[in-house]
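Biologist: Please show me the model. I want to know how its terms are earned.

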Amino acid sequence: MTKTFGISRLSPVDAQTLTCLSLRLCAFARNSILFAISTSLILGISSAQTQTQAQTQPQETPKPEASELDLSPEIIENSPVLQRWRRDVPNVLEEIRNDPSFRTRVRLGYSQFPSSGQAGGVNIGVEDVFIGRTGLTVSGDYHTEFKGQREAYGADLRYYVLPLGGYVNIAPLVGYRHLETDRYSTDGLHVGAKLIFVLSRTGAADISLTQSWVAPATNEEVGITKLSVGYAFTRNLRLSTDIEKQNARQRKDSRVGVVLEWMP
């Protein structure tokens with residue numbers, strides 16, 4: 001015979017325990033439903049915020065490559081700069097620091113000596129042969145009067161202290177120089193400085209001023225002041241003018257030169 005038990009037959013303690021369990025189950029079920037609803041709301045808000053940020057965030061415009069310039073082939077073929085930019089966009093700051101705004105020059109010209117009765121002569125030389133990709137250069141020149149009464153020659157090392165691509169630069173110089181006139185002759189250490197103003201890059205136009213001394217701090221010391229102005233009329237040829245003053249204790253001499261310069 002099967003026995004059945006009802007709540008009414010439970011003891012007061014068992015009935016109280018069952019009632020507590022029932023209340024806890026109801027609270028747990030209620031909390032689970034609230035948790036599920038809260039989780040759904042949080043996920044919905046996060047998804048909406050992500051979509052809003054994606055819509056409001058500005059799209060980056062792709063930068064055109066150097067090879068995608070919308071230019072006619074004729075313009076590109078006639079522009080070395082554009083051709084180089086198509087291959088690789090240069091580092092402009094690096095070029096300013098390392099790419100010289102002036103070039104090496106080989107010189108040949110005519111000289112006139114006003115202090116020697118307007119005598120004529122010839123001058124040859126080379127200016128600013130760069131040693132590597134540094135500011136150190138080598139220069140040398142020779143000029144003479146046709147009758148042999150005036151002669152000068154020498155070679156110098158110069159070091160340009162400012163970025164080579166700038167429009168202004170200064171270079172201390174040191175070397176050897178020989179000077180000879182009908183009144184005196186001297187030679188020895190040659191020191192000084194050169195200041196250059198670049199009017200147009202790559203040797204197209206510039207002005208330079210050089211102040212130097214031969215055999216300084218001796219009885220034979222001679223000061224030399226030289227002003228040069230150059231202008232290119234083709235890619236590789238320039239016309240330059242030199243005005244030079246030579247100050248010795250014995251006398252003051254001068255020279256004016258017109259020089260054709262080739263820029264290799």
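**Strands, hairpins and salt bridges**

Modeller: Ser200 stands opposite Ala205 in strand 7. This is a predicted model: local features need pLDDT of at least 70, side-chain atom pairs count only at pLDDT 80 or more, and totals for chains, interfaces and linings use all residues. Residues are numbered from 1 along each chain as its sequence is written, and side-chain values use heavy atoms, with hydrogens and water left out.

Biologist: What makes strand 6 and strand 7 a pair?

Modeller: Two strands pair if DSSP finds at least two bridges between them. Strands here are DSSP runs of E with at least two residues, numbered from the N terminus, while helices are runs of H or I with at least four. Strand 6 and strand 7 (residues 205-214) are joined by 10 bridges, so they pair. They run antiparallel. The two form a hairpin with 4 residues between them. Thr202 in that turn has a positive phi of about 60°.

Biologist: How do you know that strand 5 and strand 6 pair?

Modeller: Count the bridges again. Strand 5 (residues 168-180) and strand 6 (residues 185-200) share 13 bridges in the antiparallel sense. The definition asks for at least two, so the pairing holds. His178 stands opposite Asp187 in strand 6. A hairpin of 4 residues joins strand 5 to strand 6.

Biologist: Why is the contact between Arg107 and Glu261 called a salt bridge?

Modeller: The term needs a side-chain nitrogen of Lys or Arg within 4 Å of a carboxyl oxygen of Asp or Glu. For Arg107 and Glu261 the N to O distance is 2.7 Å, so the contact qualifies. The pair links distant parts of the chain: Arg107 is in strand 1 (residues 105-113), Glu261 in strand 10 (residues 252-262), 154 residues apart. Both are buried (under 20% relative accessible area with a 1.4 Å probe, protein chains only; exposed is over 50%, partly exposed in between).

Biologist: What makes Glu261 and Arg238 a salt bridge?

Modeller: Their N to O distance is 2.8 Å, so the cut-off is met. Glu261 lies in strand 10 and Arg238 in strand 9 (residues 237-247), so this pair ties together parts 23 residues apart in sequence. Arg238 is buried, and so is Glu261.

Biologist: How do you know that Glu244 and Arg255 form a salt bridge?

Modeller: At 3.5 Å, N to O, the pair is within the cut-off, so the name fits. Glu244 is in strand 9 and Arg255 in strand 10, so parts 11 residues apart in sequence are tied together. Glu244 and Arg255 are both buried.

Biologist: What joins Arg107, Glu244 and Glu261 into one network?

Modeller: Salt bridges that share partners do. The network's other members include Arg105, Asp128 and Lys194. The structure holds 18 salt bridges.
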